[in-house]
Amino acid sequence: MVGREKELRIRFAPGRCELVEEDVDIPSRRVLITGATGLLGRAVFKEFNENHWNTVGCGYRRAQPRFEHVNLLDSIAVHDIVHDFQPHVIVHCAAERRPDVVEGQPDAASQLNVSASANLAKEAAGVGAFLIYISTDYVFDGTSPPYKETDVPNPLNLYGKTKLEGEKAVLENNEETAVLRIPVLYGEVERLEESAVTVMFDKVQFSNKSANMDHWQQRFPTNVKDVAAVCRQLAEKRMQDPSIKGTFHWSGNEQMTKYEMACAIADAFNLPSSHLRPITDSPVVGALRPRNAQLDCSKLEMLGIGQRTPFRTGIRESLWPFLVDKRWRQTVFH
């Protein structure tokens, strides 16, 4: 389903350039992505944009020129973009997702994770848009995995509490909402610090000094491309079936501690791992983390929704641009 619009384009000819009006195809399905400058938001934007959706992304600090600059705490700005664009679907990726930052800045985190989400849900309801609110496995305490969507949440840290409050707020303000809980993410980062998985790469690469790695918390690293595909599949299923709403879980299915992830990263790049040291004690600094908050994904799988990239494949794609030893890069990729 596409519409036709006129667009001015520059045409270059020998010795001159001229403005010409051309017909362009505009997909009729419209999606708005918040947090489009972030790791997940970029992947979600790309997934919809490459699959025949008219896609608009908004961001804040890093928005322009590619995305719309919108402060989600500004209710007028949010109203304007939603009502001007009239999206069929909104994917709400924007959040403060760093647990230790949330502990240090609780008010700011609550404004973004709860208040802004509630307002966005109201605006989505106002134009009849289907809202996908991205949440987290940290709404669970990690004592009795795997967790189904119907299991009672019990977040251990303020980040999990704000995301759970955000879930309740969006569902109260817009019944036509899907809450999508996901675990730790990785993917094609702009900086290694963008992901709790990729940030380990320097410790893996620089094997001249030993590095302590957590071997207590059980994680399920999940590729942002896979989450993006789930968001699009969920949106497209919803366009056909209005009963698609409520809470859903998606996750990678490879269980690893950070130590095991670091060893897998080393293995993917043929790097040594003997300098990595597993620490089996529970962490004593920073926000409390659940031991094992594994998500049961059978509800989405039964709908025929899902995509999983093997960790070694995904991590190699994500990290090879940051590889220090260029000789390895040349032999493997050329």
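## Worked exercises on a predicted model

Histidine 52 sits in the loop between α1 (39-49) and β4 (54-59). Keep in mind that this is a predicted model.

**Exercise 1.** Work out what is unusual about the backbone of histidine 52, and whether the residue is buried or exposed.

*Solution.* Start with phi: for histidine 52 the angle is positive, about 65 degrees, although the residue is not a glycine. Next, take the relative accessibility, which is 59%. The cut-off for exposed is over 50%, so histidine 52 counts as exposed.

**Exercise 2.** Now do the same for asparagine 270: find its phi, its place in the chain and its exposure.

*Solution.* Phi of asparagine 270 is near 55 degrees, again a positive value in a residue other than glycine. Asparagine 270 belongs to the loop between α8 and β13 (276-279). With a relative accessible area of 62%, asparagine 270 is exposed.

**Exercise 3.** Describe how helix α8 packs with helix α10, and sort the residues of the contact by type.

*Solution.* First, the geometry: α8 (residues 258-268) and α10 (residues 311-319) have axes 10 Å apart, at an angle of about 70 degrees. Angles of 65 to 115 degrees count as roughly perpendicular, so that is the label for α8 relative to α10. Then list who touches whom: α8 brings Met261, Ala264, Ile265, Asp267 and Ala268, while α10 brings Phe311, Arg312, Ile315, Arg316 and Leu319. Sorting these residues gives seven nonpolar, no polar and three charged.

**Exercise 4.** Lay out the seven-stranded open sheet, pick out its edges, and place helix α2 on it.

*Solution.* Write down the order: β5-β4-β3-β6-β7-β8-β12, with parallel pairing. The edges are β5 (68-69) and β12 (246-249); each has a single partner strand, so one side of each has no neighbour in the sheet. Now zoom in on one pair: β3 (residues 30-34) and β4 run parallel over five bridges, and valine 31 has threonine 55 of β4 as its bridge partner. Finally, add helix α2 (residues 75-85), which packs on the sheet and touches β3, β4, β5 and β6 (89-92). The direction of α2 makes about 160 degrees with that of β3.

**Exercise 5.** Decide whether serine 117 is buried or exposed, and name the residues it touches, leaving out those up to four places away in sequence.

*Solution.* Locate serine 117 first: it is in helix α4 (residues 106-127). Its relative accessible area is 1%, so serine 117 is buried. Leaving out those close neighbours in sequence, serine 117 touches His92, Leu112, Tyr133 and Val170.

Technical notes. Residues numbered from 1 in each chain as written. Predicted model: local features only at pLDDT ≥ 70, side-chain atom pairs only at ≥ 80, totals over all residues. Heavy atoms only, no water. Helix = DSSP H or I, 4+ residues; strand = E, 2+ residues; numbered from the N terminus. Buried < 20%, exposed > 50% of the residue type's maximum accessible area, 1.4 Å probe, protein only. Contact = heavy atoms within 4.5 Å. Axes fitted to C-alpha atoms, helices over the stretch in contact; angles between N-to-C directions. Parallel < 35°, antiparallel > 145°, perpendicular 65-115°, else oblique. Nonpolar A, V, L, I, M, F, W, Y, C, P; charged D, E, K, R; others polar. Pairing = 2+ DSSP bridges.
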